[in-house]
Amino acid sequence: MVLKPPPRLGGYPLKRTMQTYSIRSLARNARAFHENWSEAWRSPEPKPAYDVIIIGGGGHGLATAHYLAKNHRINNVVVLEKGWIGGGNTGRNTTVVRSNYLWDESAALYEKSLQLYEGLSQELNYNVMLSQRGLMLLCHSQHELHDAHRRAHAMRLNGIDSEFIDRENVLRMVPFLDGSPTARYPLCGGLLQRRGGIARHDAVAWGFARSADAFGVDIIQNCEVTGIRRDATGKVVGVDTTRGAIDAPKVAIVVAGHTSVLAAMAGIRLPIHSHPLQALVSEPIKPMLNVVVNSTQVHVYVSQSDKGELVMGAALDRFQSYGQRGSLPIIEDQMAAIVRLFPIVSRLKMLRQWAGIVDICPDASPIIGKTSVEGLYINGGWGTGGFKATPASGFCFAHTIAKDQPHPLTAPFNLDRFSGGRLIDETAAAAIAH
Amino acid sequence: MLLINCPWCGPRDEIEFNCGGEAHIARPADPAALSDAEWAEYLFMRKNLKGLHYERWHHSYGCRQWFNAARDTVTHEIHATYKMGETPPVVAGADGIVKGSSS
């Protein structure tokens, strides 16, 4: 089976059939006591064959499906999800969006993502609750100051907003930081991206799912892929799942913490380590923090949710794991850091703690593109910062699948860079200790 | 919290250790003779197994010796620790990749 090319250039876009959310539909449904809302997406039975199979129903997989249909008119697509959509790393991150990267390749990709985020609620007709409240990286030493200046300049050369904030103004913006002369972590300044902030992670998954579904994409939950089938020439012909075999000439792996496991099914080795990355939230308190604060030096980042909880993340767990739970020493380090940065929170109780499995590449940059196996595409290795990249990842990956060639923005992030020596070292801009 | 049995010091708390990743990767005998792809294979490509994983650990805040461990990457159970140079122990019932697990 061969993928049909789009009918003609400039052809009409695919129709999206869905109940539009608007003030009018809200009023209409309110009169009916909200009993007539339709399901946001269907739960169809899998068909025996599709044009494209997307393995992984997280934000990236669902975004890929959305852009395949919207930009490339390919909607004979199925998204296979082992659990429930958005239940993996999409629902486990700390919801930060930003594009404050050092190297040109990353800056272009993450900036594209931030720009897509800025129009995403309109594009999806779904409120992703993007809050561009600003993201502040703290500097605690002379060395970090120099690095922050370098990064600020690099970002501005790439046309991305970036400001260096001096110590006094950091304290004005984040008044509860310990800025005293005896502070455990001396405060020297901060690197601010005002367009950075947070978005509702579940809504991003649900919005993309609803839109993809409305374009005709099938989303199959509770369906685990157990094998990737190939013909005698090695070409991909489909997958085996817990709900039977499904055929397709193109299979895309978008599975966050399990990229190595899925790639091994097709005999591909990857330069990836899977580690737990954990986060936790406190009990809700009154508003105390209206920017996202990140201290790479002491391994903690924190924002305050709309409910008032402090949402905090920290360093990677030290050993490889697929266990989706974090280890205690990291929590202890994280709590020690947050109490020293914000002494006011020392009596705060923590409500929930969890972990997601993140795939780390040696250069802390993702792998997006074709593989040595014909018809098999990989989008993974997003490491500690995949959520912010969700729209651009789907946008570029859909292009790669539809045209069978890399999108210009993601071409540098191919698997060959490891043998070619063209690593994109973003270990510092990943902002999480590796 | 892991209790790790250092082959030199006995059982110690996990905070004394650092993990060094996959074990038993042999350095190529003649690196200069390798192609770029073969060198990348040695340098970067990893099994990253789900299930039993043979890996290196360093007792950083103890005896500072390197050693190997056979650990499950899903349950985190450490089946065995052994000194560098020793043959990796066979762990019964573990075949590398755990299929159909819930996590």
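A:Asp363 is a good place to start: with a relative accessible area of 1%, this residue is buried. Please keep in mind that the model you are looking at is predicted. From A:Asp363 we move on to a sheet in chain A, a sheet in chain B, and a patch on the surface.

**Around A:Asp363**

- To find A:Asp363, look in the loop of chain A between strand S17 (350-360) and strand S18.
- Its relative accessible area of 1% falls under the 20% limit, so A:Asp363 counts as buried.
- Neighbours within four places in sequence set aside, A:Asp363 touches A:Arg417 and A:Phe418, and also A:Leu423, A:Ile424, A:Asp425, A:Glu426 and A:Thr427.

**The six-stranded sheet of chain A**

- Strand S18, which follows that loop, belongs to an open sheet of six strands in chain A, ordered S8-S2-S1-S12-S19-S18. The pairing in this sheet is mixed.
- Strands S8 (218-220) and S18 (367-370) of chain A are at the edges; each has a single partner strand, so one side of each has no neighbour in the sheet.
- On average, neighbouring strands here are turned by 15 degrees against each other, direction ignored.
- S18(A) runs antiparallel to strand S19 (residues 376-380) of chain A, and four bridges join the two.
- Across this pair, A:Ile367 sits opposite A:Gly380 in S19(A).
- Helix H2 (residues 59-72) of chain A lies across four strands of chain A: S1 (52-55), S2 (77-80), S8 and S19. The helix runs at about 160 degrees to S1(A).

**The four-stranded sheet of chain B**

- Chain B has an open sheet of four strands in the order S3-S4-S5-S6, with antiparallel pairing.
- Its edge strands are S3 (18-22) and S6 (78-83) of chain B, and each of them pairs on one side only.
- From one strand to the next, the twist averages 30 degrees.
- Within the sheet, strands S4 (residues 52-58) and S5 (residues 66-72) of chain B form an antiparallel pair over seven bridges.
- One place to look is B:His53, whose bridge partner in S5(B) is B:Arg71.

**A nonpolar patch on the surface**

- Residues of both chains take part here: A:Leu328, B:Met1 and B:Ile15 make up a nonpolar patch on the surface. Together they have about 300 Å² of accessible area.
- B:Met1 belongs to the segment before strand S1 (3-6) of chain B.
- B:Met1 has a relative accessible area of 52%, which is over the 50% limit, so this residue counts as exposed.

Notes: Residues numbered from 1 in each chain as written. Chains lettered and ligands numbered in written order. Predicted model: local features only at pLDDT ≥ 70, side-chain atom pairs only at ≥ 80, totals over all residues. Heavy atoms only, no water. Pairing = 2+ DSSP bridges. Axes fitted to C-alpha atoms, helices over the stretch in contact; angles between N-to-C directions. Contact = heavy atoms within 4.5 Å. Patch = residues over 30% accessible without salt bridge, like charges linked within 9 Å, V, L, I, M, F, W, Y side chains within 5 Å. Areas by Shrake-Rupley, 256 points an atom, 1.4 Å probe, with all protein chains shown as cover. Salt bridge = Lys/Arg side-chain N within 4 Å of Asp/Glu carboxyl O. Buried < 20%, exposed > 50% of the residue type's maximum accessible area, 1.4 Å probe, protein only.
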